[in-house]
Structure formats: C-alpha cells, structure tokens
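Subject: Structure for you to look over

Dear colleague,

I am passing on the structure we spoke about, and would be glad if you read the notes below with it open in front of you.

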Amino acid sequence: MTDPVSYKFVTKEELTYLIFTPWENDERMTHGFSTRSGGVSEGDLATLNLGFNRGDKEENVIENYKRISKALEVPFESLVLSKQVHETQITKVGHKECGNGILIPNKWESMDGFYTNEQGVTLVTHYADCVPLFFYAPKYGIIGMAHSGWRGTVHEIGKKMIETWRNREGIPVSEIQIAIGPSIGPCHFEVHEDVASCFQSQFPNADFITYNQSKDKYTIDLWACNKQSLCSVGVPEENIIVSGICTCCMDQIFFSHRKTGGKRGTLGAFMCLN
Ligand SMILES: [Zn+2]
C-alpha cells in the first residue's frame, strides 16, 4: 500500500477533498481530508477554514463544516471534534460525544487521538502541516484518528493508538490499517538541534534525520518516523498507506502553517463508520 499513487482527489460542486484509494470502495467506512476549496472563508483563510481559533467568523466555519459534511455524506450533527494540544491523550468516543466542539462545548482539555466502534459517529481532527494518522480495522469495525505533529510523532501517538486497540479492544495488530495523510514533508520540515535531539533520544537508530552542515540544521521525515514507530509494535509495513503529499509544497491546495508563517486556515480529517 505504499504505492505513490495511494490517494485521489474527489470534487463535488466547488468542494474538493482527498481520499485514500485502498479504502475508496469500502462502503463500511467514509473518510476524507479537506483542501482549501469549497468554503466561504476569505483572505488567508480562503476558503474552507475548519478552525474556530483562526479569527474567522463562527458562521463561516459552521457553514464550511456543513459543506464538507454534505460532500462526504455524513450528518453534520454526527461530527465529534478533537481537542488538540500536541499531547498523546487517546479516548474512545461514541454517540454521546456527537456535536462535541461544534454544537456543544468541547468536553476535553486534551484529546489528540480518539476512536470509535459506533456507526454514525464522525471523527474530526485538524491540521496545517502536522501529520494526520487514520486507523482502520475493517474486520473489527473500528476507526481512529490521531494528530501527530512533531511532538506527537516524538511521543509516538500512533503507536499508542495501536497499543490501545490491542490491549483494550483486543484487535490483532496485523489487522490494523493506517493511512498517513498530507502533511509537511522531509523537503520542508527543517529544524534546529533542539528538536532534532528530541527525535535522536527517542529513536537512537533513526535514519529519517538528515544533518545539513552548511545550514547547521536538520531535516526530519515525519512520515518515515511515524511508519517506523508503527512497525515497531508489529504493524505490517504493507498495512501503512502514505499519501506522500507535502502541504508546504502544495500550499495552493492545502493550508500550510510553515509556508504562511501561521497566517492560514485549518484543514480537517474525517472518518465515520457506516
Ligand atoms: Zn515540501
């Protein structure tokens, strides 16, 4: 599943989102990753901003959620928004959380990862360069999402999701599929020694860190790091789908925090069991 063409864009009216082709024809599960197109927000947030914390009008953000929900064919009322603070808290959610963060106040202080085995609950996580991880075990009817920025990647939130499913839900690790969505690529994720050293201490044999002597900076491949971490708990490499899309390279299509110095909207990742 590491074929470079592991994704495709779907356009409905003005709105375009991305899906992973290995899951394209699976009617048991709906998923998607938004782009900038199809919304009502303006300026730096144009047009499909899904962040309530970006200085947008609340009515715009809600309209954008209604449009992406319609395009994905999931009920707007089924959305459950995460509370992302670059930590590794993971919880199980269900119908009682529907509307969290959009129709009812966000109930969590910290929730960078969550999962469900209930149909009709749409998990929503947010991005603008950070790594979206989608989890799916088709035979067991369970989906999950994790926000894996560089801190989440260092602290192995993806691996933590796998261990949670294995230990608490009894899911065999070999049955779990993971998709790594659009996010900042090794072409653009350049960091100073402070960040690089966090990775080096967590992953002593890391081959995804490159030192550039002339700049005295490091580049880190967050996709490879996440993949290595997932494989370390027994996920077969062929179960991991990597989109290979860099949001910073493709900033006309996706919001990129780094490319814009923070003047950007927010993208959304969506998953729902049907
Ligand atoms: Zn790039």
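Ser256 counts as buried, because its relative accessibility is 1% and the cut-off for buried is under 20%. Please keep in mind throughout that this is a predicted model.

Ser256 sits in the loop between β14 (240-242) and α6 (257-260), and its side chain makes a polar contact with the side chain of Asp129, at 2.9 Å. A polar atom of the Ser256 side chain also lies 3.1 Å from the backbone nitrogen of Lys259. When neighbours within four places in sequence are left aside, the residues in contact with Ser256 are Ala128, Asp129, Thr247, Cys248, Asp251 and Arg264.

One of these contacts, Arg264, leads on to the largest pocket, which has a volume of about 720 Å³. This pocket is lined by 29 residues, of which Asn53, Gln84, His126, His147 and Arg264 are the closest to its centre. The elements that contribute two or more residues to its lining are β7 (122-127), α2 (150-154) and α6. By character, the lining of the largest pocket divides into 11 nonpolar, 12 polar and six charged residues.

The other residue I looked at is Thr88, which is located in the loop between β4 (79-81) and β5 (90-92). Thr88 is also buried, with a relative accessible area of 18%, and, if residues up to four places away in sequence are not counted, Thr88 touches His155, Ile157 and Lys160.

With best wishes

Methods. Residues are numbered from 1 along each chain as its sequence is written. This is a predicted model: local features need pLDDT of at least 70, side-chain atom pairs count only at pLDDT 80 or more; totals for chains, interfaces and linings use all residues. Side-chain values use heavy atoms; hydrogens and water are left out. Helices (H or I, at least four residues) and strands (E, at least two) are DSSP runs, numbered from the N terminus. Buried means under 20% relative accessible area, exposed over 50%, partly exposed in between (1.4 Å probe, protein chains only). A polar contact is a pair of N or O atoms within 3.5 Å; within protein, one must be able to donate a hydrogen and the other to accept it, and residues adjacent in sequence count only if both atoms are side-chain atoms. Contact means heavy atoms within 4.5 Å. On a 1 Å grid over the protein atoms alone, a cavity is a set of points where a 1.4 Å probe fits but cannot get out, and a pocket is an open set with protein on both sides within 12 Å along at least five of seven lines; lining residues have an atom within 4 Å of a point. Grid points are joined across faces, edges and corners, and a volume is the space filled by probe spheres set on the points. Ala, Val, Leu, Ile, Met, Phe, Trp, Tyr, Cys and Pro count as nonpolar, Asp, Glu, Lys and Arg as charged, and the others, Gly among them, as polar.
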